[in-house]
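Colleague: I would like to learn how to read a ligand site, a cavity and some unusual backbone geometry in a model. Could you take me through them in turn?

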Amino acid sequence: MTTDRPNRLRFPDRGSSRDEIRAALAERQAHDVAPHGERNFRPNYYVDDETLALIDEVSAKVAEQNVLYAGSSYPSLKQIEAELVEMGLDLFHAPVDAGGTVTTGGSESNFLALKTARDRAAAMRPQPSPCEVVLAHTAHPSFEKAAHLLGVTTRRATASVDFHADVATMAGLISPRTIMMVGSAPPAAYGQTDPIAELAALAARHDIWFHVDSCMGGFFLPFAKALGEPIPDFDFRVPGVWSLSADLHKFGYAPKGASLLLLADRRNLAYQEYRFEDWPWGLYATTGFAGSRPAAPIVAAWSVLRHLGRAGYERVTARTLAVKKRLIAGIRAIPGLDVVGRPDAAHFFVCSPELDVYAIEEELTRRGWALARARLPDSFQVWPGVPHETSADAFLADMAAAAALVRARGLRAEDRGAVYTR
Ligand SMILES: Cc1ncc(COP(=O)(O)O)c(C=O)c1O
């Protein structure tokens, strides 16, 4: 076997100084999008520089700690996780017997919700195998991934109704094998909250676990609702909601690596746990997918949550909504452009019944704006927030110019692809 490839990067013989590392990193980052930049309309979660400084400070303090050893070595982490869960249960109006865990992100929260529902169903009421989960067309791909890994079959609606879950179609997908149904508040696609109360009632009629995926909206919708936005109830106040996922690392404004999975009945945590006892070292038991876990995102999430409080979250949500409304009004005033559906969170999708919207996106990209495409219909995503208070007018002017150019020249984008992640 030959291992010698001429252009293979060599494992370094000698170490590098901190200055050398800084320079090498800066070189590699030269073409990165500024995460909180005013021209970045991809996911961009920013409150202010003080909050970022707080995140940096507390993250550095716990960079060496491993949450896996919270029980033995780091009681502070155990307490901080428990407090994060408690604060989440309060925000989402959970019943007194509720419980939950901190996870590494939305995909893990959704994975664990499905695992918990699957293992509970297996214990309580054996189903014909393989068991199934019923999904809306817009449900996040993390459920497909989880189902794949857990040996569960997905039954996904093939379309949406007015850009939200098609309850009637989902009802038709329920079978004796169904162990779980999912609604999203809101889904990343379209950003329009599903009819959670109807879906939860449907699941309850069939005695099926109902999960609310509020990874995107969990730390946005409650504050938008408090500010008077017409957001339907989507949390544990809705009868029939068994679990809810909400990402601290999205509108909780924590750094990546923190989400909550909350269960209406904490006894179901037993089904979430994985245990292995026949190992020379001893018992291995975790409630999550990961083994070792970084403490920094969790401690940072706890710090940001306490730093902002409801008042702070309402302030940043109000500013985000103001930019969003300014942009949507401006875009609808541009001939040929429209916005898809009634998006409830910050992000929305620009479409056009007349012009090639991907060609408009290409022109905006040429002008230095970072956007992301979507499909069904062809559209591109705009993710407004505090950083865009200063750039919204320039963005609208460029969008009007780009639309006019595409119309005048009849431009068509060559590349028709729309990629969420790769
Ligand atoms: C509704 C929804 N669910 C789940 C996820 C997955 O979250 P993560 O990327 O943190 O795994 C996302 C991500 O955007 C989402 O919007």
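Modeller: We will go through the ligand, then the cavity, then the backbone; note that this is a predicted model.

Colleague: Which residues come nearest to the ligand?

Modeller: Start with the residues around the ligand, counted as near if a heavy atom lies within 4 Å. Here there are 14 of them, and Gly106, Ser107, Asp213, His249 and Lys250 come nearest. By class, this shell holds five nonpolar, six polar and three charged residues.

Colleague: Which helix gives the most to the shell around the ligand?

Modeller: Helix α4, residues 106-124, with three residues.

Colleague: What polar side-chain atoms lie by the ligand, and at what distances?

Modeller: For a polar contact, look for a pair of N or O atoms within 3.5 Å. The side chain of serine 107 has an N or O atom 2.6 Å from a ligand oxygen. Aspartate 213 places a polar side-chain atom 2.6 Å from a nitrogen of the ligand, and lysine 250 has one 3.0 Å from a ligand oxygen. The ligand taken alone exposes 380 Å², of which the protein buries 84%.

Colleague: How many cavities of 30 Å³ or more are there?

Modeller: A cavity is space where a probe fits but cannot get out. The count at that threshold is one, and the largest cavity holds about 50 Å³. Its lining includes Tyr45, Phe251, Tyr253 and Trp383. The lining divides into nine nonpolar and three polar residues, with no charged ones.

Colleague: Which peptide bonds are cis?

Modeller: Read omega for each bond. The bond from serine 129 to proline 130 is cis, with omega near -5°; proline 130 sits in the loop between α4 and β2. Another cis bond joins alanine 185 and proline 186, where omega is about -15°. Proline 186 is in the loop between β4 and α7.

Colleague: Where is histidine 93, and what is its phi?

Modeller: Look at the sign of phi and at the residue type. Histidine 93 is not a glycine, yet its phi is positive, about 55°. Histidine 93 belongs to the loop between α3 and β1, and is partly exposed at 37% relative accessible area.

Colleague: And tyrosine 253: buried or exposed?

Modeller: The cut-off for buried is under 20% relative accessible area. Tyrosine 253 has 7%, so it is buried. Tyrosine 253 also has a positive phi, near 65°, and lies in the loop between β6 and β7. Tyr253 is also one of the residues lining the largest cavity.

Definitions and conventions: Residues numbered from 1 in each chain as written. Predicted model: local features only at pLDDT ≥ 70, side-chain atom pairs only at ≥ 80, totals over all residues. Heavy atoms only, no water. 1 Å grid on protein atoms, 1.4 Å probe; cavity = no way out; pocket = protein on both sides within 12 Å on 5 of 7 lines; lining within 4 Å. Points joined across faces, edges and corners; volume = space filled by probe spheres on them. Nonpolar A, V, L, I, M, F, W, Y, C, P; charged D, E, K, R; others polar. Polar contact = N/O pair within 3.5 Å; in protein donor to acceptor, adjacent residues only side chain to side chain. Areas by Shrake-Rupley, 256 points an atom, 1.4 Å probe, with all protein chains shown as cover. Helix = DSSP H or I, 4+ residues; strand = E, 2+ residues; numbered from the N terminus. Buried < 20%, exposed > 50% of the residue type's maximum accessible area, 1.4 Å probe, protein only.
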